[in-house]
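Trainee: I have a structure open and want to work through it. Can we take it feature by feature?

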Amino acid sequence: MAVLSKEYGYVILTGVASFVMVTHLAINVSNARKRYRVEYPTMYSTDPENGQMFNCIQRAHQNTLENYPAFLFFLGIGGVYHPRVATGLGVTWILGRLIYAYGYYTGEPKNRRRGSFASVALLGLVGTAAYAAYEQLGCQLICRC
């Protein structure tokens, strides 16, 4: 049975930091709506002049939200047994998502690839959660993280 260590506090702070990052991206979309005159509930702009810029800003936020539930789940579960590893991967994911967004904000969608290491961090979190399940079931491995 897992008992939360004091280090799990870092996992919690990582979750809080991720919320700040998502809120920052949401504010950027809100500001872009005003700048490019895209009214709610319109998701994407069809403006031939500035539509691409707004759509890139909107899509960076939307894609982050699509990944966010999985991130939080794997961060929270993986952090039970491996709080330092989960925190490191979580911070890496947050930085990757910011770089992804700001690459997208250039108006060139291919520039979002600069933050693709966030996907590797998310896969690492999946691994920590899977290993946590393995340990929770009492299947101890020789290697300890």
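**Rings, charges and loops**

Mentor: Start with the rings: Tyr 68, Phe 71 and Trp 93 form one aromatic cluster. Keep in mind that this is a predicted model.

Trainee: How many aromatic pairs does a search of the whole structure find?

Mentor: Rings of Phe, Tyr and Trp pair if their centres lie within 6.5 Å. The search covers the whole structure, and the count is seven.

Trainee: Take Tyr 68 and Trp 93: what kind of aromatic pair do they form?

Mentor: A pair of aromatic rings is described by the distance of the centres and the angle of the planes. For Tyr 68 and Trp 93 the centres are 6.3 Å apart, with 20° between the planes. Planes under 30 degrees apart count as stacked. The pair of Tyr 68 and Trp 93 is therefore stacked.

Trainee: How many residues apart in sequence are the parts that Tyr 68 and Trp 93 tie together?

Mentor: Place each residue in its helix. Tyr 68 lies in helix H2, residues 51–81, and Trp 93 in helix H3, residues 83–104. So the pair ties together parts whose separation in sequence is 25 residues.

Trainee: Are Tyr 68 and Trp 93 buried or exposed?

Mentor: The cut-off for buried is under 20% relative accessible area. Tyr 68 and Trp 93 are both buried.

Trainee: Which residue lies over the face of Tyr 100?

Mentor: Look for a charge above the ring. The distance from the ring centre of Tyr 100 is 4.2 Å, and the residue is Arg 97.

Trainee: How far from the ring centre of Tyr 104 is the charged end of Arg 112?

Mentor: This charged end also has to be placed against a ring. Arg 112 puts its charged end over the ring of Tyr 104, and the distance to the centre is 5.4 Å.

Trainee: On to salt bridges. Which residue forms a salt bridge with Glu 7?

Mentor: The count comes to two salt bridges. In the one with Glu 7, the closest N and O atoms are 3.4 Å apart, and the partner is Arg 84.

Trainee: How many residues apart in sequence are the parts that Glu 7 and Arg 84 tie together?

Mentor: Glu 7 lies in the segment before H1, and Arg 84 in helix H3. So the parts tied together are separated in sequence by 77 residues.

Trainee: Is Arg 84 buried, partly exposed or exposed?

Mentor: Its partner first: Glu 7 has 29% relative accessibility and counts as partly exposed. Arg 84 has 60% relative accessibility. Over 50% is the cut-off, so Arg 84 counts as exposed.

Trainee: How far apart are the closest N and O atoms of Arg 59 and Glu 66?

Mentor: Both residues are partly exposed: Arg 59 has a relative accessible area of 24%, and Glu 66 has 46% relative accessibility. Arg 59 and Glu 66 form a salt bridge, with the closest N and O atoms apart by 3.0 Å.

Trainee: Why does the span of H1 agree with its number of residues?

Mentor: H1 has 29 residues, taken at 1.5 Å a residue. The expected span is therefore 42 Å. The end C-alpha atoms of H1 are apart by 42 Å.

Trainee: What is the phi of Arg 37?

Mentor: Arg 37 follows H1 and belongs to the loop between H1 and H2. Its side is open: at 70% relative accessibility, Arg 37 counts as exposed. Arg 37 is not a glycine, yet its phi is positive, about 55°.

Trainee: Which residue does a cis peptide bond join to Tyr 40?

Mentor: Omega for this bond is about 5°. The partner of Tyr 40 is found in the loop between H1 and H2. The residue is Pro 41.

Trainee: Is His 82 buried or exposed?

Mentor: His 82 is in the loop between H2 and H3. Its relative accessible area is 4%. That is under the 20% cut-off, so His 82 is buried.

Trainee: Last one: which residues make the nonpolar surface patch of about 400 Å²?

Mentor: Begin with a member in helix H1, Phe 19. At 53% relative accessibility, Phe 19 counts as exposed. The patch is made by Ile 12, Val 16, Phe 19 and Val 20.

How values were computed. Residues are numbered from 1 along each chain as its sequence is written. This is a predicted model: local features need pLDDT of at least 70, side-chain atom pairs count only at pLDDT 80 or more; totals for chains, interfaces and linings use all residues. Side-chain values use heavy atoms; hydrogens and water are left out. Patches are made of residues with over 30% relative accessible area and no salt bridge: like charges are joined within 9 Å, nonpolar side chains (Val, Leu, Ile, Met, Phe, Trp, Tyr) within 5 Å. Accessible areas come from the Shrake-Rupley method with a 1.4 Å probe; for residues, only the protein chains shown count as cover. A salt bridge is a side-chain nitrogen of Lys or Arg within 4 Å of a carboxyl oxygen of Asp or Glu. Helices (H or I, at least four residues) and strands (E, at least two) are DSSP runs, numbered from the N terminus. Buried means under 20% relative accessible area, exposed over 50%, partly exposed in between (1.4 Å probe, protein chains only). Rings of Phe, Tyr and Trp (its six-membered ring) pair if their centres lie within 6.5 Å; planes under 30 degrees apart count as stacked, over 60 as edge-to-face and the rest as tilted. A charge sits over a ring if NZ of Lys or CZ of Arg is within 6 Å of the ring centre and within 35 degrees of the ring normal. The expected span of a helix is 1.5 Å times one less than its number of residues.
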